[in-house]
Amino acid sequence: MTDAFAAALLEWFDRCGRHDLPWQRERSAYRTWVSEIMLQQTQVATATGYFERFMQRFPSVETLAAAPLDEVLHLWSGLGYYARARNLHRAAQMVVLEHGGELPPELEALQALPGIGRSTAGAILAMAHDQRQPILDGNVKRVLARVHALPGWPGQAAVARRLWELAEAHTPAHRVADYTQAIMDLGATVCRRARPACDACPVAALCAAGQAGRQSEYPAPRPRRPRPLRHARMLLVQDADGAVLLEQRPASGVWGGLWCPPELGDEQPESWSRRVLGAPLQAQPPLPRLRHGFTHFELEITPLRARLEGAAPRLMESDRWVWYNARSPAKLGLAAVVERLIAALDGPEAGPATRKSS
């Protein structure tokens, strides 16, 4: 039996919901999975273009699994939260090796794959297979917290448990794919974090927070903690052709697997260059500092500029370095702030960065 909440939501979805998103065409478990990963921490309008480019290059899990990680990160460049792309690539390889190239249709097996939690697994099964599985992304948490006037921050274990109970109770036995898209659409377009359009809400009569005029109180926000400020000195070395020296970062950690200018620590550029490159540098005017926001900290980057004088013989000893020519760029994964630093070498001075990523 479909409860009153789900029935009202489905009726609204038939009239007002989004029915032509790229991942709704030729719906499959693979396309749903990629879209769900992209939509974590990313709005639909931003994810759409990335999804279409990603699908054009990687139309199947096999093509994604076989691709170099550099190319996957390149297509993810600018989307932020790069651990998502690394997990997606690793999970695709596991799907090919362990599941015959098909995403498993069981909740537990999906959750065993890197980067797939309970809500993402439920969304894949609900939207690709119409299985009765609840989801609980940020939009759904907001809708359910307001409808039931549930106090507390959803990151708290007790509040999360109650939200899962409510999500399970409202998920209907039929039209699960439509219901799943509907509740996400409601949170994204009507039950917004700020200025919710309660007059257009199909479940306004059932919403305890709305009836009390207390929508802004739900869900309770994350307790505020000041983010620490970290500092990094990045060295932008250019060769005679203007190409920039980039280093591939370790697979884990900040910007894992991406290509970035080398960080100096407390070392001076000249001594670093003689030690690492085996060549002297000619200092150039520095660029303005950049501020870049991550989830748990702020990073202030001091970009130092230099020209390489002559060859760099020690670079031949490692494949973790590359000369990157912005005019004819290789398909490498670059963080958005690194792209801005490279562009600033030949263009207008960069200003503060505001994108969050991890």
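Trainee: Hi! How do the residues lining the largest cavity divide into nonpolar, polar and charged?

Mentor: Six are nonpolar, three polar and two charged. Here Ala, Val, Leu, Ile, Met, Phe, Trp, Tyr, Cys and Pro count as nonpolar, Asp, Glu, Lys and Arg as charged, and the others, Gly among them, as polar. Before we go on, this is a predicted model, where local features need pLDDT of at least 70 and side-chain atom pairs count only at pLDDT 80 or more, while totals for chains, interfaces and linings use all residues. Residues are numbered from 1 along each chain as its sequence is written, and side-chain values use heavy atoms, with hydrogens and water left out.

Trainee: Which residues line the largest cavity?

Mentor: The lining is made of Gln 238, Gly 242, Ala 243, Val 244, Tyr 324, Asn 325, Ala 326, Arg 327, Ile 342, Leu 345 and Asp 346. Helix α14, residues 336–346, gives the most, with three residues. Helices (DSSP H or I, at least four residues) and strands (E, at least two) are numbered from the N terminus.

Trainee: And what exactly counts as a cavity or a pocket?

Mentor: On a 1 Å grid over the protein atoms alone, a cavity is a set of points where a 1.4 Å probe fits but cannot get out; a pocket is an open set with protein on both sides within 12 Å along at least five of seven lines, and lining residues have an atom within 4 Å of a point. Volume is the space filled by probe spheres set on the points, which are joined across faces, edges and corners.

Trainee: How many cavities of 30 Å³ or more are there in the whole structure?

Mentor: The search finds three. About 50 Å³ of space lies in the largest, and about 40 Å³ in the second largest. That second largest cavity is lined by Trp 23, Gln 24, Arg 27, Thr 32, Ser 35, Glu 36 and Met 127. Its largest share, three residues, comes from α2. By class, the second largest cavity has two nonpolar, three polar and two charged lining residues.

Trainee: OK, on to pockets. What volume does the largest pocket have?

Mentor: About 2,400 Å³. It is lined by 50 residues, and Gln 41, Gly 138, Arg 142, Arg 193 and Arg 222 are the closest to its centre. Several helices supply at least two residues each to this lining: α2 (29–39), α3 (44–57), α8 (118–129), α9 (138–147), α10 (157–170) and α11 (176–189). The lining has 22 nonpolar, 14 polar and 14 charged residues.

Trainee: Where is Gln 41 found?

Mentor: In the loop between α2 and α3. Gln 41 has a positive phi of about 65°, although it is not a glycine. Most residues other than glycine have a negative phi, and most peptide bonds are trans.

Trainee: Which peptide bond is cis, then?

Mentor: The one from Tyr 218 to Pro 219 is cis, with omega near -10°. Pro 219 sits in the loop between α12 (208–211) and β1 (229–238).

Trainee: What about the second largest pocket, which residues lie nearest its centre?

Mentor: Tyr 30, Val 61, Gly 101, Glu 102 and Leu 103, out of 13 lining residues. The volume of the second largest pocket is about 190 Å³. Both α2 and α4 (61–66) supply at least two residues of that lining.

Trainee: Switching to helix packing: at what angle do α9 and α11 cross?

Mentor: Roughly 80°, with axes that come within 8 Å. That makes α9 roughly perpendicular to α11. Axes are lines fitted to C-alpha atoms, for helices over the stretch in contact, and angles run from 0 to 180 degrees between N-to-C directions. Under 35 degrees is roughly parallel, over 145 roughly antiparallel, 65 to 115 roughly perpendicular, and the rest oblique.

Trainee: Which residues of α9 and α11 meet?

Mentor: Asn 139, Val 140, Arg 142, Val 143 and Leu 144 in α9 meet Ile 183, Met 184, Leu 186, Gly 187 and Ala 188 in α11. Contact means heavy atoms within 4.5 Å.

Trainee: And how do α9 and α10 cross?

Mentor: At roughly 90°, and their axes come within 10 Å. Therefore α9 and α10 are roughly perpendicular to each other. Lys 141, Leu 144 and Ala 145 of α9 make the contact with Leu 163, Leu 166, Ala 167 and His 170 of α10.
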